[in-house]
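Visitor: I should like a close look at a single part of this model, with the criteria stated.

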Amino acid sequence: MTGNDIWLPYAYDPVWHTPTQVPVAEREYHASLLGLQYPQRTGLVSAFRAAGMKVRYELGPAYEDAKAIYHSSRVGLNWSSLQDTTARVYELMAFGICPVLNRVPDLMEMFKDGQDYLGFSNQDEAVAQVRSVVDDADALERIGAQARKAVEPHTYDARIERVLKRAGVLA
């Protein structure tokens, strides 16, 4: 960004990104990460699998398919390669599953580490964060619910309204 740029982060869609109703004990995956398979993400998933966790990691599923996978996950993972808060962050939070996310500057401006998500700065810390909650249904439910609450104002409709107000189309 430069001096006069206006920051407009990603968001989520309340129609597609609905909270999971699957009880924690019935969720098939310990963690999931859907999207591009960068080296740091692949290494992270390998570390989880080496620790005996069942992780869904692939490129391709979208919409209802992605929602079904995330709804069947105890933890949603993200590791931004560009140090930005990706669309996946908003989606995971909207799904109401426990987000475990690498700490990037804009994420920490909008959400609270340890409350709205569990943050990490390296692979070892990510594994430790997931281990700390993956078998604790109460913690998973609490963090997932808080994530959902924290992300509620960040819909695409809210972003579009901001753009239209800035453009003078809406008052």
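Guide: What follows concerns aromatic pairing and burial around one helix, then a neighbouring loop and a second helix. The model is predicted, so local features need pLDDT of at least 70 and side-chain atom pairs count only at pLDDT 80 or more, while totals for chains, interfaces and linings use all residues. Residues are numbered from 1 along each chain as its sequence is written, and side-chain values use heavy atoms, leaving out hydrogens and water.

Rings of Phe, Tyr and Trp (its six-membered ring) pair if their centres lie within 6.5 Å; planes under 30 degrees apart are stacked, over 60 edge-to-face, and the rest tilted. By this rule there are 4 aromatic pairs. One of them joins Tyr-90 and Phe-111, whose ring centres are 6.1 Å apart with planes at 70 degrees, so the pair is edge-to-face. Because Tyr-90 lies in helix H3 and Phe-111 in the loop between helix H4 (105-110) and strand E5 (118-120), this pair ties together parts 21 residues apart in sequence. Helices (H or I, at least four residues) and strands (E, at least two) are DSSP runs, numbered from the N terminus.

Buried means under 20% relative accessible area, exposed over 50%, and partly exposed in between (1.4 Å probe, protein chains only). Tyr-90 is buried at 0%, and Phe-111 is buried at 3%. Thr-86, in the loop between E3 and H3, is buried at 15%. Contact means heavy atoms within 4.5 Å; leaving aside residues up to four places away in sequence, Thr-86 touches Tyr-10, Asn-78 and Ser-80.

Helix H3 (87-95) also belongs to the cover over the buried residues of H2, which includes strands E1 (29-34), E2 (55-58) and E3 (73-78). In H2 (residues 63-71), the buried residues are Ala-66, Lys-67, Ile-69, Tyr-70 and His-71.
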